[in-house]
Amino acid sequence: MRILLFGDASGFHATLAKGLKALGHEVVVASHGSYWMDTPRDIDLRRGNGKIGGAILWARISTILSRHLKGYDIVAITNPVLVEQRPNRCKVLFDRLKRDNGAVVLTALGTDTPYVEMCVDPSHPLRYNEWRLPDGSPSPYAVEHPEILQAWLRDPLRDLCRHVYDHVDGVVTALYEYHLSASRWLPASKLAYGGIPVEINKQGAWAPSPAHTKKGSSSPSPARKITLFLGRHRSRIAEKGTDRLEWVVREVNRLRPDKTQVQVVENVPFEQYSRMLADADIVFDQLYSYTPATNALMAMARGQLAVSGGEPEYYQFIGHEGVKPIVNIIPGREQDTVNQLVKLIDSPNDLYDLRVASREFVEAHNSLDVVARRFATSYENILNE
C-alpha cells in the first residue's frame, strides 16, 4: 500500500511509519513534528506564530495538496483538527484528502468531541479521567481550562468532528479510552484496535540475566540507588497530573533516601528524552489514564517499572492474562501508590520480577512489528470492503 500518515503526537505516526515500511509499504509522514519533540517527518506542517504563521501554513498546505497529498491508498489522520487552522479549513482539507485518495482513516490517539463527551457524561464507563475525578467532581485540568472543555462541546469543533466521523472510512484506536469513545459515535464494524507502537530494540532494552528471571532468585546488586524518573510537558501538568506524580516521587524519595534518587525532566526533544530515560528504574507517566501511553511503554520496553494507568478493564480489553506489571495509580489514592512503591523498593526480587514482566508485556502487545501488522491489516480490510 501507499500510505500517508498525516499528523502526529508523541512520535506515534513517525514510529508507525517504520513498522509499515518494514512490512513493504510505501509511507510518507506529514506532521508538525509533535511540536518541541521534533519527531521525524517527510513533510513539515509546523506553524509559525500568530496569524501570519497560520496564513503561511495554509498557503503551504494548499500548495502541497496538489503535489504530495494525493494518490495514496490510505491517508491516516490523527485528529479531526488535522492542522493548526480554523475548523472550517480543517474540513476543507479533510474533504480534499478524501476526494484525492483511496481511503481516509482516523488514528484515534487524542482528544476530540466524542472523547470529551464521554468523559463528562455521568453515565460514562470510566471512573475517572483528566476531566473528572473518581467522586464525580471536576479535575484540576477541567477547573484550570474550562475553555478547552467547552470548545470541544460547542460548534464549530463538534460539527467538524461529526463531519469527520461521518465520512471517515474507518477508525484505528491507540488506547482503550479512545476505543470506548469512538464506539459511541461509530458501529463496531468501522472500529479496530491498533495500540501504541514501540521500537523495542531502539530503547536499548535492559536485558536480565537468566539467574534473575525467576521469582525468588538472587536480586541485582543493591549498591546503586533506584532512579525515580518523571518526564513532563510544562503545558500539560494539570492534564497529565504530573504535579501529583511529583508528590509521589518526592514522598518515596523522602521515605527511602538511602535507596532512591530523583530525576525530573521537562520539555526536551524526543531523542534527548529517550536517552535520558535510559538510566531510569521506575518511570512515572500519568495520573488520569486507564492505560499506559507512549512514555510508560517506552520505559517498560527497557525493563523499567511504569507508574501509570493499568486498570483491569484495560488488561481485559487487550486480552492480557499474565502478570500485570504496571503500578496502577488512581487519583485521590496517591498515598497507596507511595506505599506500594516503598514495599517494592524494599523487596528487590519483586521489583525485578515486575521489570522483567514489563519488558515481556510490551513485546507481546506493543512491539512495533505487532502494532504495524494490526494497522496494516485494518487498512487492508478497509480497502477490501
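Q: Why are helices α1 and α16 called roughly perpendicular to each other?
A: In this predicted model, α1 (residues 12-22) and α16 (residues 368-383) pack at an angle of about 85 degrees, and their axes lie 9 Å apart. Angles of 65 to 115 degrees count as roughly perpendicular; α1 and α16 are therefore described in that way.

Q: What makes the contact of α1 with α16?
A: From α1 come F12, T15, L16, K18, G19 and L20, while α16 contributes L368, A372, F375, A376 and Y379. By class, these residues of the contact divide into eight nonpolar, two polar and one charged.

Q: What makes β3 and β7 the edges of the sheet?
A: Seven strands form an open sheet with parallel pairing, in the order β3-β2-β1-β4-β5-β6-β7. Both β3 (43-44) and β7 (191-193) have a single partner strand, so one side of each lacks a neighbour in the sheet.

Q: How do you know that strands β5 and β6 pair?
A: Pairing requires at least two bridges between two strands. Strand β5 (residues 103-108) is joined to strand β6 (residues 170-173) by four bridges, and the two run parallel. The criterion is thus met. Within this pair, L106 has V171 of β6 as its bridge partner.

Q: Which strands are touched by helix α8, and which by α16, where these helices pack on the sheet?
A: Helix α8 (residues 176-183) touches β5, β6 and β7, and its direction makes about 175 degrees with that of β7. Since angles over 145 degrees count as roughly antiparallel, α8 is roughly antiparallel to β7. Helix α16 touches β1 (2-6), β4 (74-77), β5, β6 and β7, with its direction at about 145 degrees to that of β5.

Methods: Residues numbered from 1 in each chain as written. Predicted model: local features only at pLDDT ≥ 70, side-chain atom pairs only at ≥ 80, totals over all residues. Heavy atoms only, no water. Axes fitted to C-alpha atoms, helices over the stretch in contact; angles between N-to-C directions. Parallel < 35°, antiparallel > 145°, perpendicular 65-115°, else oblique. Contact = heavy atoms within 4.5 Å. Nonpolar A, V, L, I, M, F, W, Y, C, P; charged D, E, K, R; others polar.
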